[in-house]
Every structure is written in C-alpha cells, then in structure tokens.
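Colleague: I'm new to reading models like this one. Could you pick a single helix and walk me through how it sits in the fold?

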Amino acid sequence: MPAGTNENAGTARPDAVSVLLRAFDNNRFPHGIILHGPDAATLHDACAAIATRLLNTSGLAELPSHPDFHALRPTNKMRRINVDDIRNLVRLIQHSASAGGRKVAVIYDAERMVHESANAFLKTLEEPPEDSTLFLLTTKPTHLLDTIRSRCLQFYVPPGESKAPDPAWAAWLDSLGEWLESLAAPMERGRIATLVFSLYGMASRFEGLLKNAA
C-alpha cells in the first residue's frame with residue numbers, strides 16, 4: 001500500500017493532503033480516493049485543498065463554480081444518495097473537461113449511498129473516465145462496499161489537519177517579496193510612481209484574499 005494510506009486510522013500518516021499533492025506533482029495521482037476521518041468539516045477542507053490544485057484554480061472560493069468540479073451530497077429526507085444522483089454525476093464526468101484539464105467529482109457522506117447507487121458507482125471506478133479524479137468523503141468508511149474500498153486509495157484525515165495553502169496567498173507573498181527587494185534599487189521619479197501603483201495593486205489583491213478566506 002502506498003505511503004500515506006492505511007485503513008487503520010491509528011497508524012496512518014497524518015498529512016494526507018501533502019502526500020496526495022506530492023503524488024500529483026509526480027504524475028502518479030490515483031483516480032479513486034477515499035478520505036475518511038471523524039470530522040466531516042476537516043474532510044471537506046482537505047478535499048477542497050487538493051481539488052484546488054488539480055483544477056488549477058486561483059483560490060478556494062472559485063472551486064464550487066468551476067465547470068469541471070462536480071459535487072454530490074445526500075439531499076432527500078432520508079439523507080440517502082440514490083442511483084439517479086449517481087448516474088447524473090457519472091454523466092457529468094464522462095464529458096470532456098470544459099477547461100481542458102482534469103475533472104473532479106466529490107461524493108460527500110459517501111456511506112449514504114444505497115446499495116444500488118454503490119454498485120452503479122463501482123462500475124465507474126472500474127472504468128474511470130480519462131483525466132478524472134473521484135473523491136469519496138466519509139466518517140464511516142466501513143459502511144462502504146468492500147469492492148469500492150478495494151478500488152480506491154484510502155487516506156485517514158485526522159481532525160484539524162492543516163490544509164495546503166491557497167495558491168493565491170503564495171503568489172501574493174511572492175509579489176510582496178519582489179516589491180520589497182525593488183526598494184533597494186536607486187530611486188527615480190518613474191520608479192517611485194511604479195512602486196506606488198504596484199503597492200495599490202497588492203493592497204487590492206490582499207483585500208480580495210481576505211474576503212475569500214472569510
């Protein structure tokens with residue numbers, strides 16, 4: 001079993017996000033991933049951090065509206081995921097990527113799939129669409145079919161696991177560093193104006209980042 005995966009939560013490596021992002025950078029990313037742990041909110045955050053990198057978005061706020069990001073949650077009164085929901089999700093990810101890159105599908109509370117839904121999804125795991133990644137998030141991994149679990153890499157996400165930083169923050173910090181370094185160069189009237197306008201631009205970007213974080 002690859003590093004970072006283990007069905008035993010007590011012995012799993014703690015940073016599933018970093019392990020998966022490293023796999024993506026090395027072109028060894030799996031098509032089926034189960035993220036499991038006791039805290040649903042932490043699972044959501046970990047998955048969002050990975051999906052942001054896979055889809056090359058500029059920030060987490062853009063993820064829900066990305067044309068190649070597809071999410072499925074229990075919606076009916078019984079909080080079950082029925083087979084029609086699964087079939088619709090499968091149809092979406094069978095299409096070519098709208099942005100020309102990868103496609104990401106996420107099933108939240110995956111243990112809520114009824115037996116017929118799980119079997120329908122199993123067929124997609126056996127023959128996944130090209131350039132697609134399928135995430136299953138669950139706080140009860142043992143409630144998933146053994147056949148589904150055997151076709152996915154499983155990662156335990158402990159409560160409060162750190163998320164990968166938003167790429168937009170990293171880009172902003174790089175810009176700030178370049179701006180500070182430019183202060184060491186000789187000052188001329190034209191350069192002063194450029195520095196001032198650059199500072200205004202970074203301030204505007206910073207305000208946008210704060211809004212996204214909120």
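Modeller: Here is a close look at helix α4, starting with some background.

This is a predicted model, where local features need pLDDT of at least 70, side-chain atom pairs count only at pLDDT 80 or more, and totals for chains, interfaces and linings use all residues. Residues are numbered from 1 along each chain as its sequence is written, and side-chain values use heavy atoms, leaving out hydrogens and water.

pLDDT is the predictor's confidence in each residue, from 0 to 100. The protein's mean is 81, with 80% of its residues at 70 or more. Over residues 1-14, though, pLDDT stays under 50. Where pLDDT is low, the predicted coordinates should not be read in detail.

Now the overall layout. The protein has seven helices and five strands; these are DSSP runs, numbered from the N terminus (helices: H or I, at least four residues; strands: E, at least two). From the N terminus on, they go α-β-α-β-α-β-α-β-α-β-α-α. The five strands make an open sheet in the order β2-β3-β4-β1-β5, with parallel pairing; two strands pair if DSSP finds at least two bridges between them. Out at the edges are β2 (69-72) and β5 (153-156), each pairing on one side only. Zoom in on β3 (residues 103-107) and β4 (residues 132-138): five bridges join these parallel strands. One example is Lys-103, whose bridge partner in β4 is Ser-132.

On to α4 itself. This helix covers residues 115-126 and lies across β1 (32-36), β3 and β4, running at about 140° to β4. That angle is taken between N-to-C directions, on a scale from 0 to 180 degrees, using axes that are lines fitted to C-alpha atoms, for helices over the stretch in contact.

Does its length add up, or not? At 1.5 Å a residue, the twelve residues of α4 should span 16 Å, and its end C-alpha atoms are 17 Å apart, which agrees. The expected span is 1.5 Å times one less than the number of residues.

Which residues of α4 are buried? They are Ser-117, Ala-118, Ala-120, Phe-121, Leu-122, Thr-124 and Leu-125. Buried means under 20% relative accessible area (exposed is over 50%, partly exposed in between, with a 1.4 Å probe and protein chains only). Those buried residues pack against β1, α3 (83-94), β3, β4 and α5 (146-150). For the protein as a whole, 41% of its 214 residues count as buried.

How values were computed. Contact = heavy atoms within 4.5 Å.
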